[in-house]
Amino acid sequence: MLTTEDFTHFPHQMWEKVLSKVKKAVVFMDDKCTEALHWSGGAAALLEAGARNLKQFSSFEACGANEPKAVFVVSTLLKGRTVDIIKDIISLSHFQYCVVFTTVAHSVHLLANNVTAEMEGNPVFEQFEEKLCEWMGNMNYTAEVMHVPVVFAPVSQQLVLTPTFAHLFPLLLPDLEMINARRPEKKRFGNLIDIDMHSLPAELQLEIKSLASALNTMFEATATREETFAVGPMSRIIAGELASHPQAKNRRKTAPNKASIIFVDRTMDLTGAVGHHGDSLVEKILTVLKPLPGHVTDVQVDMLELTSLQRTPHSQNTLAPGCLAQSQSPTAQSLWEAMLTSKHKEGVMEVRRQLVEAASKEKLPIKMSMGRVTPEQLCSYMQLFRSSWRALESHCGVLQLGLATAQALRHPSLPRWDSCLAFERLLLQALGDSGFPTVLRQLLPLMRPRGGEDSSASGSRSREDECGPDELILLLVYLYSLADEAQPADQDAEEEELEKLERELIGALTLVITRETELSPLLQKLTGCTNPEELTTERAHSAVEDMFETLQGLSHTRDHLKQLRSCLHCQRWSSPGESSTSQRQPSALPFPGWWRHTLRASSHQRNGHHTQTRDPGAGSGHQIAEADRYP
């Protein structure tokens, strides 16, 4: 019988193929594959399998004469820049044996080389093997090239992510305009839902085919016959590609297990991704702590608390950061699962319990205290481990999760979480009674530079909990995603009022951004500037205008739906003596917030689609009926 363990074990099965080739080799790996490995044993798995070293996939890396074997693991086509880097590394080294693993299937390589006919064997890989021998300087040396889809990251027992495809995002109205610009006027698409696979840019087509190929390999490994459903334009294309995959047709005839896979465009449910109504400890940790360099699913944990070093402006560069992925310790894995699935309060309590239990095992002089868990209390427990290197090593995984919890709880931006949550609730209540421009206007008073005279004079908010540009952008995304829920009004008058209001908001947000003393990762990506000195008012204004164009498209993402068109559910409630129809309270969303903690629209770049495998009979029937089904 098919279980969730079959799917979470699949990534480890794929990495076993890589580990079987790394003995006595120096391994070169790009960032996307490194992140997938990060959740499947990390560098320790490579070293335990016999690898000599793990290096960045870069032209600036090389090996010595006493290192004759290399293994390359890449997430890209064996073309262009990837080929140049491999050639550079080999040319600067003395290899006699090279193995190249790519996550891109051979069939996708053929399409990338404009070969549409089916071919026996793997001619693209065989030709690349010859090139490897040529670069090594001897055609008798050994070269191997193979496809292994190491794109899945088993984050927990019931959650598998695909960081390799983090940049893949649903289609929006600007994408429709770009696609139509390349087509004859009579063949232009009227709606996003009309776009097909062949009309997409070639690079995007290859990405979708790579994702479909990886999913097909997973279903093959688990002997699964899937039923595919999709909600949203991009999800329809991906689901159709998986359904028509050549190998999938044969698999579905013989596979004994059965499951459903549901693709949902993230833009169908952005309120779940950007809202602050979640009660998850892990969600808050991922929101406030900085991401690990090159990663989109993990964060940096400051390890200074576990040392005797003094905190200085340069101390962060002294120690390597910790992280949330703790695959080496069963106890830490158990704690991680509890943090991930429990409510915030329960998760924090479990962190304290595990720290107390670990300290008791090591007979450390811990002082028990009941009541509310504070970050100072957690840090005092963890500092006890500094006196024993053996204790520190034995419980390193639990300590890293404990530090992540403490650092999130005392993070200066956490008060803004509660401010945003309160404002979101006010917006929800207003949506049921007012037109969209009226609700949107409530954001205008928040559009003030942080720490400025306007905010100080109001006296209503402290410096810590007043919204910055990141929070304002999240609130805008949240509200535009719910634009259809507002009370209808005269269309012409509303459009005129909305246009005027948007110009005011664009100007106000531009001022907020240009007054920032430091640009967050989100603002850097939005404006294309790395520091405030580069950012001009014109550049910020242009970036905000483009953003509002995208926001306008968000308000129409569910226009093609019927049953799932509304993202709000108004619960009716009453007190004794009142009619049950007297008041309405907006609440639950019909779309589940899958992967919500990893898909928050913050400085982290996240995967724009979510997929969930589930028992065919599970879930809401009307949701399945609304989705497009693929045989």
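1. Strands β3 and β4. In this predicted model, strand β3 (residues 69-74) runs parallel to β4, and six bridges join the two. One of the pairings puts V71 opposite V99, its bridge partner in β4. Between β3 and β4 the chain passes through helix α4 (residues 80-91), and the resulting β-α-β crossover is right-handed.

2. Strands β4 and β5. On β4 there is also a parallel pairing with strand β5 (residues 142-147), again over six bridges. Here V99 has E144 as its bridge partner. V99 is thus a useful residue to follow when viewing the sheet, since V71 in β3 is its partner and so is E144 in β5. Strand β4 itself (residues 97-102) is mostly covered, with five of its six residues buried.

3. Salt bridges across the chain: E241 and K209. The structure holds 14 salt bridges. In one of them, the side chains of E241 and K209 meet at 2.8 Å, N to O. E241 belongs to helix α9 (residues 233-243) and K209 to helix α8 (residues 202-221), so this pair ties together parts that lie 32 residues apart in sequence. The glutamate, E241, is buried, at a relative accessible area of 14%.

4. A salt bridge inside one helix: E350 and R353. These two side chains also meet at 2.8 Å, N to O, in a salt bridge. Both residues lie in helix α14 (residues 344-361), three residues apart, which is about one turn of the helix. E350 is buried, with a relative accessible area of 19%, whereas R353 is partly exposed at 41%. The value for E350 sits under the 20% cut-off for buried.

5. R390 and E362. The closest N and O atoms of this salt bridge are 2.9 Å apart. The pair links distant parts of the chain, 28 residues apart: R390 is in helix α16 (residues 389-394), and E362 is in the loop between α14 and α15 (375-383). R390 counts as exposed, at 54% relative accessibility. E362 is buried, with a relative accessible area of 16%.

6. A salt-bridge network. E226, R251 and R252 are linked to one another in a network of salt bridges. As a general point, side chains of opposite charge can pair when their charged atoms come close.

7. Cysteines. The model has zero disulfides. For C420, the closest cysteine sulfur is that of C467, at 4.1 Å, which is too far for a bond. The cut-off for a disulfide is 2.5 Å between the sulfur atoms. C420 is buried, with a relative accessible area of 0%. C529 also counts as buried, at 1% relative accessibility.

8. Confidence. The mean pLDDT of the protein is 85, and 88% of its residues reach 70 or more. Two stretches need a separate remark. Over residues 455-461, pLDDT stays under 50, and the model has seven contacts beyond four places in sequence for this stretch. Over residues 571-625, pLDDT likewise stays under 50, and the model has 158 contacts beyond four places in sequence there.

How values were computed. Residues numbered from 1 in each chain as written. Predicted model: local features only at pLDDT ≥ 70, side-chain atom pairs only at ≥ 80, totals over all residues. Heavy atoms only, no water. Buried < 20%, exposed > 50% of the residue type's maximum accessible area, 1.4 Å probe, protein only. Helix = DSSP H or I, 4+ residues; strand = E, 2+ residues; numbered from the N terminus. Pairing = 2+ DSSP bridges. Right-handed = clockwise from strand over helix to strand, strands pointing away. Salt bridge = Lys/Arg side-chain N within 4 Å of Asp/Glu carboxyl O. pLDDT = per-residue confidence, 0-100. Contact = heavy atoms within 4.5 Å.
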